[in-house]
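Visitor: I am new to this structure and would like to be led through it slowly. Could we look at it together and take one topic at a time?

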Amino acid sequence: MKKLLNGSSTLFRFVSGGLILFVIFLLFQKKKAIPNQTKGFNIPGLPPSPNSNSDEEIYNLIRKEEGINFKAKRDGSDKNGKTLFTIGIGHQIQPGEENLLTATITEEEAINLYKKDIKKILDDMNKNIKVPLNKNQQLALISLRYRIGPTYFNSSTLLKLLNQGNYQKASEEFKNWRLSDGKINQVLVARAERERIRFVTPVNGTNSNLPSKADEERCTKKFPNDPKKQAEYDELCRQLKIAEEIIQKEKKNLGKPIPPKSSRS
């Protein structure tokens, strides 16, 4: 009887051990199968940060504002009266690039020039802007910096006020960058207004001091317990209406001769 029990115990251990090995084998096989389940699945890229713009967002804005030219065109004058030329996506032809004055470039070459320009611009802005910016403020300033160049931007009253944390006063400075060859240019007036509106427009309505997209036309929001906030809101509503009037005037001027588009003078 004792031998029979010993034999049964041995058989039980053997069977139990086999079952354990079999379970381990199945687990191993299941883990090994996981990579095959995701084969061919492309992980989507991370979305842009809520506080910064993607390369595509910046490119789309600059391409819309600057357009594209495959041949050089006159673009105002510098402070010494020297004629300036641009090509591609608002690329200002520099000393040593005289070949571009007579060249016809491709869209790919225009984009390559843009990439070099925008990298320098963003690096320069990161060095000179000392305060936090939301996405709309960034885009507005990139557009301005792109068209007026480093010297004017870095010495501007706008940048000085911005770095003091006076966002409201800084926004009022966009309107001053509207000259071409020393004369007010209607196209630049409208662009400056678009930049200013973008600068003061909240991202996803997170800033309650500013008109949201839903009520910026009606401007009906009220702050009965905060007169200061109400005054700021009403003033921005007034500015938005002025901007809309300027943009409507620009539409009426379509097709009429205008000075060359430049504000670098």
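Visitor: How many salt bridges does a search of the whole structure find?

Guide: This is a predicted model, in which local features need a pLDDT of at least 70 and side-chain atom pairs count only at pLDDT 80 or more, while totals for chains, interfaces and linings use all residues. Residues are numbered from 1 along each chain as its sequence is written, and side-chain values use heavy atoms, with hydrogens and water left out. A salt bridge here is a side-chain nitrogen of Lys or Arg within 4 Å of a carboxyl oxygen of Asp or Glu. Searching the whole structure on that basis gives a number of salt bridges equal to 11.

Visitor: What is the average pLDDT of the protein?

Guide: The pLDDT is the predictor's confidence in each residue, from 0 to 100. Over residues 22–49 it stays under 50, and the model has four contacts (heavy atoms within 4.5 Å) beyond four places in sequence for that stretch. Residues 205–217 are also below 50, yet this stretch has 24 contacts beyond near neighbours in sequence. Of the residues in the protein, 64% score at least 70, and the average pLDDT is 75.

Visitor: Which residue of helix α2 forms a salt bridge with R191?

Guide: R191 belongs to helix α7 (residues 186–200), and its partner lies in helix α2 (residues 55–66), 126 residues apart from it; helices are DSSP runs of H or I with at least four residues, strands are runs of E with at least two, and both are numbered from the N terminus. The closest N and O atoms of the pair are 3.9 Å apart. The partner of R191 is E65.

Visitor: Is R194, which also meets E65 in a salt bridge, buried, partly exposed or exposed?

Guide: The side chains of R194 and E65 come to 2.8 Å, N to O, and because R194 lies in helix α7 and E65 in helix α2, the pair ties together parts that are 129 residues apart in sequence. Buried means under 20% relative accessible area, exposed over 50%, and partly exposed in between, with a 1.4 Å probe and protein chains only. E65 has a relative accessible area of 13% and is buried, whereas R194, at 31% relative accessibility, counts as partly exposed.

Visitor: Which residue forms a salt bridge with D123?

Guide: D123, at 35% relative accessibility, is partly exposed, and its partner stands four residues away in helix α3 (residues 107–128), so that the two are separated by about one helical turn. Their side chains meet at 3.0 Å, N to O. The partner, exposed at 53% relative accessibility, is K119.

Visitor: Which element gives the largest share of the largest nonpolar core?

Guide: A nonpolar core is a set of buried Ala, Val, Leu, Ile, Met, Phe, Trp, Tyr and Cys residues joined through side-chain atoms within 4.5 Å. The largest one has 35 residues, of which Y114, I129, L141, F153 and L162 touch the most other members. Two or more residues come from each of α2, α3, α4 (135–154), α5 (157–163) and α7. The largest share, eight residues, comes from α4.

Visitor: Which residue in β2 stands opposite S77?

Guide: An open sheet of three strands has the order β1-β2-β3 with antiparallel pairing, where two strands pair if DSSP finds at least two bridges between them. The edge strands, β1 (69–77) and β3 (91–92), each pair on one side only. Four bridges join β1 to β2 (residues 83–88), and opposite S77 stands T83.
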